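Here are my notes for your review. They cover one backbone outlier, one helix pair and some aromatic contacts.

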Amino acid sequence: MDALGNAASAARGTRAMLLLAWTLLNAVSGLKAEDGGMVEELVTEKEAEESHRQDSVNLLTFISLLTLTILTIWLFKHRRVRFLHETGLAMIYGLLVGVILRYGIPATSYHNKTPPSCSLKEGPSSTLLLNVSGKFFEYTLKGEINLREIHNVEQNDMLRKVTFDPEVFFNILLPPIIFHAGYSLKKRHFFRNLGSIITYAFLGTAISCFVIGNLMYGVVKLMRAVGQLTDKFYYTDCLFFGAIISATDPVTVLAIFNELHADGDLYALLFGESVMNDAVAIVLSSSIVAYQPAGANTHMFDASAFFKSVGIFLGIFSGSFVMGAATGVVTALISCSFTKLHCFPLLETALFFLMSWSTFLLAEACGFTGVVAVLFCGITQAHYTCNNLSEESTKRTKQLFEVLHFLAENFIFSYMGLALFTFQKHIFSPIFIIGAFIAIFIGRALNIYPLSFLLNLGRRDKIRGNFQHMMMFAGLRGAMAFALAIRDTATSARQMMFTTTLLIVFFTVWVFGGGTTPMLSWLHIRVGVDPDQDLQPSGDSFQVLQGDGNQDEGQSKTKQESAWLFRLWYTFDHNYLKPILTHSGPPLTSTLPSYCGPLASCLTSPRAYENHDQLRDPDTDLIHNDADLTFTFGDTAITANGASASRADAAGGLGWSANGKRSGSTSEEALERELDSREQELLSRGTRLVFPMEDHI
């Protein structure tokens with residue numbers, strides 16, 4: 001019995017020892033698992049911290065580029081250097097930084113092993129879920145990798161991270177650029193040439209697109225014949241390239257025009273065409289992408305698909321136009337009737353900014369084109385909402401969008417220079433690049449010269465030959481063409497288009513932009529012209545200029561000199577829309593019939609009655625008063641009430657009174673003060689009859 005008891009005790013002791021050993025093993029395994037989890041978390045945190053630091057370095061790089069560009073621009077302006085514009089300068093700095101990032105920083109690749117192979121029953125998807133030891137991991141598709149680059153997927157973290165998502169350009173950088181173009185539009189010269197601008201923008205862009213597309217299709221055929229092209233490159237791809245490269249952006253030329261005060265009509269034609277044809281180009285490219293013929297071959301011509309694409313073009317453009325204008329009208333109503341935001345300039349400016357920017361995003365969300373919407377939103381805001389803003393908010397909004405436009409534009413051009421070395425999917429094809437240069441020049445020529453000839457048949461003020469040559473020369477490519485090209489680089493055809501577009505932008509900005517000043521001199525285009533004045537005399541013996549001062553001289557002639565389409569719109573807008581949407585213009589009680597009195601009183605802003613006797617519509621020429629008449633002979637002005645004012649006060653300080661006698665003064669300073677005060681008085685009141693003594697060149 002004792003032996004059995006001892007055996008039982010020994011067995012129990014053995015089991016206890018085994019249980020203790022098992023417990024210790026589980027504890028050790030748990031500690032190892034916890035240690036492994038902690039190590040994994042530490043690695044993840046370290047990678048996140050390193051990624052955050054790398055992102056900060058990337059942003060600091062671009063901010064440094066912009067800072068250096070601004071300082072160099074100041075130096076160029078101080079030295080009056082015009083052979084290189086700020087955008088070309090930003091591209092040069094971007095190129096230098098791109099070279100440093102590409103060749104000056106060692107590689108940090110993590111892909112040194114052969115990747116595991118797997119087979120999928122279906123094609124690659126945008127998102128892939130993997131089950132690894134019971135844990136699910138999500139992977140996103142970045143694109144196909146060539147076999148020669150299989151071990152250099154992440155050759156450098158900097159190169160990978162400085163390549164921005166194309167949506168950054170469309171949703172963040174493009175809206176302030178396009179909005180500023182519409183918000184800063186000079187209405188007088190724009191509407192006077194509205195018919196020509198629309199013709200160049202719509203018909204001209206379509207001509208350029210199809211000419212370039214067909215020529216490039218011939219280039220593609222040549223590349224196949226000589227064995228330089230093996231991948232797919234369809235006719236629709238060529239038309240798509242023609243659409244995106246037809247978007248002109250003569251920012252360099254326009255900046256020099258503005259600085260030299262070049263001819264106002266030429267400036268309006270170039271500026272209006274560039275603004276409108278950007279909108280046309282993006283809608284046209286979307287329509288070409290939407291071209292889907294029925295049947296097996298989806299790249300042959302199909303009439304029904306063609307007309308469907310035309311309908312898509314018209315629908316997208318008109319819908320975007322309506323959405324942009326409607327957003328501007330809503331903003332005008334909010335600032336005019338429903339709130340008193342003018343008492344809080346900060347809130348007023350913030351609301352204006354958010355409503356303007358949201359127009360772009362709203363149009364994109366609804367399937368329209370944000371570029372078109374935000375452009376016409378800017379024009380509507382400048383025409384209506386700007387009249388309701390307080391003086392402080394007016395200055396703030398103009399300065400805000402001007403600064404955003406400047407920074408966004410220079411950021412894009414800096415990124416262009418950077419992308420030439422950091423973008424990892426470039427395809428340089430000499431035949432395609434040379435053919436593209438030839439095609440864009442032919443397309444631009446067939447756009448400008450034939451349409452100018454047709455327009456001159458109906459224009460009173462002809463588009464002269466030197467203007468046509470300058471428009472041909474100023475067909476630069478810029479931010480819009482680059483943004484459209486980088487938006488889709490999935491196929492080899494699109495990658496080749498992107499590389500070629502980048503080189504075309506470089507060449508046109510540097511060569512044509514730098515040659516603008518010599519070209520103005522060679523073509524004998526007048527400079528030093530006040531953009532708010534028209535120095536060309538009319539065919540009459542005299543002109544009646546009504547209004548108060550130089551600003552009203554220009555505004556009073558807007559209606560008479562504008563295109564017929566604007567003249568039809570002007571009266572309706574002045575009498576009915578502006579009284580509803582703004583505080584300027586006559587109250588509706590004075591423009592609507594008497595039986596509409598209650599409705600007119602309800603729709604008219606109370607401030608319109610308060611300001612009716614003090615403010616006047618800046619576009620109106622319907623002014624009647626009993627002010628003085630001023631007769632201007634060359635440099636001498638005669639007033640009907642006997643007061644005199646002379647422009648040539650430096651030549652003796654003599655004027656003419658109404659009785660024809662000269663009057664002088666012994667004190668030159670007193671005479672200048674008198675003339676200044678008299679001039680201000682005359683400019684603030686009265687109607688002036690101007691008799692041109694000689695033709696202005």
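Between which two elements is the loop with H524 found?

1. **Location of H524.** The loop runs between α18 (516-522) and β3 (543-546), and H524 is found in it. Keep in mind throughout that this is a predicted model.

2. **Backbone of H524.** Phi is positive here, at about 60°, although H524 is not a glycine. Most residues other than glycine have a negative phi. Is H524 buried or exposed? Its relative accessibility is 69%, so H524 counts as exposed, the cut-off being over 50%.

3. **Geometry of α11 and α13.** Helix α11 covers residues 345-365, and helix α13 covers residues 391-422. Their axes come within 9 Å and cross at roughly 40°. Why is α11 called oblique to α13? Because the crossing angle of roughly 40° is neither under 35 degrees nor in the range of 65 to 115, α11 is oblique to α13. The handedness of this crossing is right-handed.

4. **Residues at that contact.** On the α11 side are P345, L346, E348, T349, F352, F353, S356 and W357. They meet E392, S393, R396, T397, L400, F401 and L404 of α13. Sorted by class, the contact has eight nonpolar residues, four polar and three charged.

5. **Aromatic pairs.** How many aromatic pairs does a search of the whole structure find? The count is 30. A pair of aromatic rings is described by the distance of the centres and the angle of the planes. Two of the pairs are taken up below.

6. **F62 with Y415.** The ring centres of F62 and Y415 are 6.2 Å apart. Their planes stand at 35°, so the pair is tilted. F62 belongs to helix α1 (residues 2-79) and Y415 to helix α13. The pair thus links distant parts of the chain, 353 residues apart. F62 is buried, and Y415 is buried as well.

7. **F317 with F376.** Here the centres of the F317 and F376 rings lie 6.3 Å apart. The planes are at 80°, so this pair is edge-to-face. F317 sits in helix α10 (residues 303-338), while F376 sits in helix α12 (residues 370-388), so the pair ties together parts 59 residues apart in sequence. F317 and F376 are both buried.

8. **An aromatic cluster.** Which residues form one aromatic cluster with F62 and Y415? They are F169, F411, F423, F482 and F498. Y415 in this cluster lies in helix α13, the helix that α11 crosses at roughly 40°.

Notes: Residues are numbered from 1 along each chain as its sequence is written. This is a predicted model: local features need pLDDT of at least 70, side-chain atom pairs count only at pLDDT 80 or more; totals for chains, interfaces and linings use all residues. Side-chain values use heavy atoms; hydrogens and water are left out. Axes are lines fitted to C-alpha atoms, for helices over the stretch in contact, and angles run from 0 to 180 degrees between N-to-C directions. Helices (H or I, at least four residues) and strands (E, at least two) are DSSP runs, numbered from the N terminus. Angles under 35 degrees count as roughly parallel, over 145 as roughly antiparallel, 65 to 115 as roughly perpendicular and the rest as oblique. A crossing is left-handed if the near helix is turned anticlockwise from the far one by less than a right angle, and right-handed if clockwise. Contact means heavy atoms within 4.5 Å. Ala, Val, Leu, Ile, Met, Phe, Trp, Tyr, Cys and Pro count as nonpolar, Asp, Glu, Lys and Arg as charged, and the others, Gly among them, as polar. Rings of Phe, Tyr and Trp (its six-membered ring) pair if their centres lie within 6.5 Å; planes under 30 degrees apart count as stacked, over 60 as edge-to-face and the rest as tilted. Buried means under 20% relative accessible area, exposed over 50%, partly exposed in between (1.4 Å probe, protein chains only).
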